[in-house]
Amino acid sequence: MELDKQSSWVERSLRSVWHPCTQMQHHAPGDKHVPLIPVSHGRGAWLYDHEGRRYLDAISSWWVNLFGHANPRINAALKDQLDRLEHAMLAGFTHEPVVELSERLSALTGHVLGHSFYASDGASAVEIALKMSFHAWRNSGQADKQEFVCLQGSYHGETIGALAVTDVALFKDAYGPLLRSCHVVASPDARQAAGDETAADVARRAAADVARLFAERGRHIAAIIVEPLVQCATGMAMHDPLYLTLVRELCERHQVHLILDEIAVGCGRTGTFFACEQAGIWPDFLCLSKGISGGYLPLSLVMTREEIYQAFYSSDVRRGFLHSHSYTGNPLACRAALATLDIFQEDDVLAANRVRAARLTGALAPLARHARVRNFRQRGMIWAFDAVDAAPDFSRRFFAAAVERELLMRPIGPTVYMMPPYILSEAESDGLAARTLAVFEHVIGA
Ligand SMILES: Cc1ncc(COP(=O)(O)O)c(C=O)c1O
């Protein structure tokens with residue numbers, strides 16, 4: 001009976017749903033078949049299907065889930081909020097959850113950043129930051145600052161503006177004719193270290209590329225957008241915090257805005273609440289999404305410096321930031337975010353994660369020294385390594401083999417990574433490491 005239910009959801013989904021970031025034909029029967037798993041419910045770090053099989057969500061459902069599925073504290077906050085206010089438009093109205101969330105986030109930056117502007121998805125936050133940067137310069141009499149800079153291998157989302165500052169060919173190439181061109185500078189990816197170069201040397205070299213570009217085009221450049229510490233979607237490329245410090249200095253010297261996209265790396269993922277804290281800097285715009293609502297509801301926001309806010313503050317309506325989304329500042333999403341921040345505070349999550357991270361790193365030692373593994377790396381609650389001599393279909397085969405062993409993992413090309421929720425028990429950590437090794441060896445045929 002349950003088996004029938006499972007296959008019926010698969011069939012109905014394939015008939016009616018266009019799944020994201022997927023070549024739908026890969027779900028058809030055949031040699032490229034990739035399983036489609038109907039989820040019945042979730043609890044803690046696990047997702048369950050209709051046959052009662054479970055899957056450890058080792059990638060936090062696309063990096064959003066921080067404290068497990070069906071978290072009792074976030075559930076309770078949402079149930080309470082549901083009976084008060086599900087939604088109200090944010091133009092001309094305001095409400096407790098959005099005010100409190102904005103205040104608390106600003107406090108987390110020591111009030112360097114404030115006036116959060118809200119949207120729903122990460123890509124929308126990126127669009128907002130790009131538009132705001134250009135418009136702030138225009139309002140300040142520098143309308144010729146119209147160009148943007150992104151990093152090699154950067155990923156900032158799939159909408160037209162965000163894709164223009166993304167450098168992942170697979171996502172971008174088909175839409176080339178639709179996109180505004182932008183400057184692409186060297187990535188500080190520490191894997192590029194040659195000989196006895198350190199990660200800091202690579203960071204200096206990459207920052208020198210920015211310096212060259214700013215010296216030449218600075219007058220026309222509005223902003224540089226950076227994923228601080230880890231460029232996730234390109235394959236968990238990690239860099240030294242020094243890069244951020246150097247780029248911040250260059251931005252000041254050449255009057256270029258710094259946009260930090262902390263959509264994937266914010267909310268404790270790299271070991272500090274904001275990744276940029278590890279470089280001792282703050283940007284002009286900080287984009288946040290994914291984990292901020294605990295992985296419950298679509299919520300994104302852009303935090304800004306006071307100078308940016310003031311550039312729009314005027315009696316002239318056209319100098320205002322006339323951008324909006326219907327669900328901007330949705331009270332339910334903001335309440336989920338407040339419950340998420342409560343958990344950070346009450347459970348001293350960043351300290352607990354240090355212990356959790358050490359345990360998983362230890363358990364992953366056999367993989368770190370595996371003959372077919374290169375560049376084993378870790379920052380905070382992100383682990384990654386590159387498979388040596390991986391077949392072109394490595395990622396797809398790994399996903400299929402992982403679900404057979406109760407794991408949800410989706411390598412990026414030859415890069416296997418883990419971004420688990422911040423609740424893994426010791427047994428779950430050890431199990432994750434052991435099963436990842438088993439899946440890896442199975443797929444590479446070791
Ligand atoms: C760094 C970064 N920026 C932006 C986005 C886009 O966010 P969304 O998928 O919510 O539009 C992502 C998504 O993975 C991301 O990792």
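A polar contact is a pair of N or O atoms within 3.5 Å. In this predicted model, one such pair joins K290 to the ligand: an N or O atom in the K290 side chain is 2.9 Å from an oxygen atom of the ligand. The protein covers 83% of the 390 Å² of accessible area that the ligand has on its own.

K290 is a useful place to begin. The unreviewed UniProt entry places the feature "modified residue: N6-(pyridoxal phosphate)lysine" at K290. Along the chain, K290 sits in the loop that runs between β11 (285-288) and β12 (300-305). Its relative accessible area is 23%. Buried means under 20% and exposed means over 50%, so K290 counts as partly exposed.

Next come the protein neighbours of this lysine. Leaving aside residues up to four places away in sequence, K290 touches W62, W63, V64, I263, A264, G295 and L299. With W62 there is a polar approach: the backbone oxygen of W62 lies 3.1 Å from a polar atom of the K290 side chain.

From K290 the view can widen to the ligand's surroundings. The residues around the ligand are W63, D121, G122, A123, Y155, H156, G157, E227, D261, I263, A264 and K290. By type, this shell divides into 5 nonpolar, 3 polar and 4 charged residues.

Two more members of the shell have atoms paired with the ligand. In D261, an N or O atom of the side chain is 2.6 Å from a nitrogen atom of the ligand. In A123, a backbone N or O atom lies 2.8 Å from an oxygen atom of the ligand.

How values were computed. Residues are numbered from 1 along each chain as its sequence is written. This is a predicted model: local features need pLDDT of at least 70, side-chain atom pairs count only at pLDDT 80 or more; totals for chains, interfaces and linings use all residues. Side-chain values use heavy atoms; hydrogens and water are left out. UniProt positions are given in the numbering used here, feature names are shortened, and annotations may be inferred rather than shown by experiment. Helices (H or I, at least four residues) and strands (E, at least two) are DSSP runs, numbered from the N terminus. Buried means under 20% relative accessible area, exposed over 50%, partly exposed in between (1.4 Å probe, protein chains only). Contact means heavy atoms within 4.5 Å. A polar contact is a pair of N or O atoms within 3.5 Å; within protein, one must be able to donate a hydrogen and the other to accept it, and residues adjacent in sequence count only if both atoms are side-chain atoms. A residue is near a molecule or strand if one of its heavy atoms lies within 4 Å of it. Accessible areas come from the Shrake-Rupley method with a 1.4 Å probe; for residues, only the protein chains shown count as cover. Ala, Val, Leu, Ile, Met, Phe, Trp, Tyr, Cys and Pro count as nonpolar, Asp, Glu, Lys and Arg as charged, and the others, Gly among them, as polar.
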